[in-house]
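Walk through this model one element at a time. Keep the structure open beside the text and follow the strands and helices as they come up.

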Amino acid sequence: MARQPGSGCITCRIRRVKCDEARPRCRRCHSAKRACDGYLPHDAPLSRRALAAAVKGMSSLGPASRALSQVPDASPSQSQSQSQQRSPLSSEFMLFDLFRLSTGPSTASFMGSPFWGRDLLQLAHSERAIWHATVALAALQRRFELEAGNRNGNEDADTSLIGRDAEMHYMRAITLGRQLRDLAKVLALSLALGAAADVMGRLAESHLHIMAARRMLTQQGTTEETLHATKALAGLDLEAMSYGDITAPYQYEDTVPLRRLGLGREGVNCRIDSYEDASAGLMSLARSMQLLGNEQVLITGDLTPGSIQHDLLAWENGMAQFEARQAVRFSRNNLLPALSLRLYDGLVRSFVLVSQPGPETKFDAALGLFARMVVLARAILQRMTAGSVAPLALEPGLIIPLFVVGSKCRHPRVRRRALGLLQQMNRQEGVWRSDAIATAVAQIIRIEEQLADDVPLGIPHCPACVGQTTLSDSVDGSCPVSRQYDQELKDTLSVPWETWSRPLSEITSSSESWDGVPVIPELCRVVGFAPMLSTKKRRFAGKFLMSSGHLQGGVGSVKEFSICY
């Protein structure tokens with residue numbers, strides 16, 4: 001039978017040589033010791049020029065035919081109609097490639113979780129609903145990158161188009177997901193959809209997906225197959241719990257399954273064997289601190305401030321033993337999770353203060369803790385910048401800790417350093433956007449320090465201090481600010497884990513103190529805020545809750561705000 005035009009292997013077609021079409025690889029490529037890139041489906045004809053352009057821009061590993069044909073097979077009843085419509089050069093293939101190489105690994109790099117960069121990808125290759133969910137997440141990253149590049153704040157045609165693509169794949173994933181029955185697949189899809197809804201600002205929908213995942217764990221428990229997904233769920237749940245949008249309050253049903261994740265049995269020292277184990281335990285502790293004060297949780301007697309602080313001490317001892325067993329030396333491979341865990345340990349310590357009754361001035365004793373958190377956050381941001389980490393993450397990252405420092409630390413230099421990092425990073429972590437949160441923190445500073453809108457905040461900035469990736473790197477040895485930050489980072493990493501169990505007033509900073517610094521009166525302090533975010537209008541609105549001024553704490557007046565970012 002005569003050979004059809006354009007039916008040879010990809011390699012021979014690009015090289016313009018005759019192909020013998022042997023399977024799985026042609027003998028011509030084999031004899032010439034070339035990598036045979038395989039064959040495209042018959043329903044996907046491409047000109048030689050278009051095929052060469054596609055392969056040149058392809059970043060996937062393995063045969064090009066696999067990368068150009070990687071959508072999971074449709075069900076038998078749909079396969080023919082789907083294959084007739086499929087275009088191997090459609091944007092979803094490249095978006096999946098973006099998720100595989102950027103979105104997933106960047107999220108996983110912060111705390112060392114393999115779910116987003118490995119488990120979800122493996123399921124996406126065999127399940128169409130999960131495939132579309134990952135494509136939606138990659139499209140949302142691309143939309144954020146386009147928005148960041150559009151300095152005038154107006155939505156252009158490309159941004160609008162990729163946003164519609166994200167919504168289309170999100171809805172396809174929901175539709176196809178109704179047919180799933182396998183626990184591991186349903187749980188993974190719920191997490192991916194919850195993360196996508198978070199990024200899109202659909203918080204009510206995100207809560208529904210997260211609640212569905214928690215309900216599955218309540219009914220069926222955690223298995224070895226779902227363990228990584230369960231640990232990722234703890235991070236997503238913390239993000240949903242900590243944001244507290246007025247229009248989508250957090251739902252507290254089925255929160256118990258994540259209570260002791262990564263912590264072991266109550267009253268027993270925490271055994272940690274990896275940074276992933278450590279992050280799961282720390283996220284569980286952060287969630288527990290957020291759950292304090294909720295009647296639905298306290299009725300069970302499962303949570304008390306004393307039990308959580310005991311668990312935190314056990315976790316810190318477990319971290320000390322883990323790093324001692326591993327003889328940890330901070331390097332490019334482990335520095336990011338090591339820094340991140342220390343940052344979130346500080347965050348949990350600050351949550352302990354939030355849970356305690358008393359005035360807002362109680363946070364003034366935590367100056368050393370807040371100063372160290374800023375040092376750690378700055379080092380993490382430097383590593384992310386140097387390592388080209390994606391600007392979109394699906395789990396909590398830098399923004400929540402920096403918001404806590406900026407809003408709860410009343411030392412002018414420390415909180416402005418936190419604000420400067422928020423303004424510099426241009427990131428989105430779930431629903432948390434650095435530009436929106438930076439605007440809110442700046443407003444809190446103006447309210448508490450009674451500054452007019454036209455008074456500059458005096459954000460400290462050092463352009464030379466970008467790109468440092470290890471403790472020994474020096475971006476600019478002549479920069480005194482860079483040298484100071486580098487020394488502060490070394491000092492912070494040298495602090496033993498058991499030091500954090502001391503009273504916060506005993507944790508000091510090598511560079512900051514309250515000497516000569518005016519203290520903000522209790523009545524002028526912001527206790528909390530209830531936000532309402534509109535990403536499309538780039539508007540941040542809500543209410544600032546002011547302190548009552550009483551020694552026992554409490555909320556006094558309420559100040560409404562509406563600001564653009």
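In this predicted model, strand S5 pairs with strand S6 (residues 555-564) in the antiparallel sense. That pairing runs over 8 bridges. One register point helps to place it: Arg539 has Cys564 in S6 as its bridge partner.

S5 also pairs with strand S4. S4 covers residues 526-534 and S5 covers residues 539-547. Here too the sense is antiparallel, and the count is 8 bridges. Two residue pairs fix the register. Gly528 stands opposite Leu545 in S5. Leu533 has Phe540 in S5 as its bridge partner.

Put these pairings together. The result is an open sheet of 3 strands, ordered S4-S5-S6, with antiparallel pairing. Which strands stand at the edges? They are S4 and S6. Each has a single partner strand, so one side of each is left without a neighbour in the sheet. From one strand to the next, the twist averages 15°.

A helix belongs to this picture as well. Helix H20 (residues 434-449) lies across S4, S5 and S6. The helix runs at about 35° to S5.

Now follow the chain past that helix. Gln450 sits in the loop between H20 and helix H21 (480-493). Its backbone deserves a look: phi of Gln450 is near 55°, a positive value in a residue other than glycine. Is Gln450 buried or exposed? Its relative accessibility is 60%. The cut-off for exposed is over 50%, so Gln450 counts as exposed.

Arg16 offers another case of positive phi. The value is about 60°, although Arg16 is not a glycine. Arg16 lies in the loop between helix H1 (10-15) and helix H2 (27-31). With a relative accessible area of 64%, Arg16 is exposed.

There is another open sheet to find. It has 3 strands in the order S1-S2-S3, and its pairing is mixed. Its edge strands are strand S1 (392-393) and strand S3 (432-433), and each pairs on one side only. Strand S2 (residues 428-429) and S3 run antiparallel, joined by 2 bridges. Within that pair, Gln428 stands opposite Arg433 in S3.

Turn next to a helix pair. Helix H8 (residues 128-149) packs with helix H10 (residues 183-200). Their axes are 9 Å apart, and the angle is about 20°. Angles under 35 degrees count as roughly parallel, so H8 and H10 are roughly parallel to each other. The crossing of H8 and H10 is left-handed.

Which residues meet in this contact? H8 brings Ala129, Ile130, Ala133, Leu137, Leu140 and Arg143. H10 brings Lys185, Ala188, Leu189, Ala192, Leu193, Ala195, Ala196, Val199 and Met200. By class, the residues of the contact of H8 with H10 divide into 13 nonpolar, no polar and 2 charged.

Stay with H8 for one more residue. His132 lies in this helix. Is His132 buried or exposed? Its relative accessible area is 5%. Buried means under 20%, so His132 is buried. What is His132 in contact with, leaving aside its neighbours within four places in sequence? The residues are Glu92, His169, Arg172, Ala173 and Leu176.

Methods:
Residues are numbered from 1 along each chain as its sequence is written. This is a predicted model: local features need pLDDT of at least 70, side-chain atom pairs count only at pLDDT 80 or more; totals for chains, interfaces and linings use all residues. Side-chain values use heavy atoms; hydrogens and water are left out. Two strands pair if DSSP finds at least two bridges between them. Helices (H or I, at least four residues) and strands (E, at least two) are DSSP runs, numbered from the N terminus. Axes are lines fitted to C-alpha atoms, for helices over the stretch in contact, and angles run from 0 to 180 degrees between N-to-C directions. Angles under 35 degrees count as roughly parallel, over 145 as roughly antiparallel, 65 to 115 as roughly perpendicular and the rest as oblique. A crossing is left-handed if the near helix is turned anticlockwise from the far one by less than a right angle, and right-handed if clockwise. Contact means heavy atoms within 4.5 Å. Ala, Val, Leu, Ile, Met, Phe, Trp, Tyr, Cys and Pro count as nonpolar, Asp, Glu, Lys and Arg as charged, and the others, Gly among them, as polar. Buried means under 20% relative accessible area, exposed over 50%, partly exposed in between (1.4 Å probe, protein chains only).
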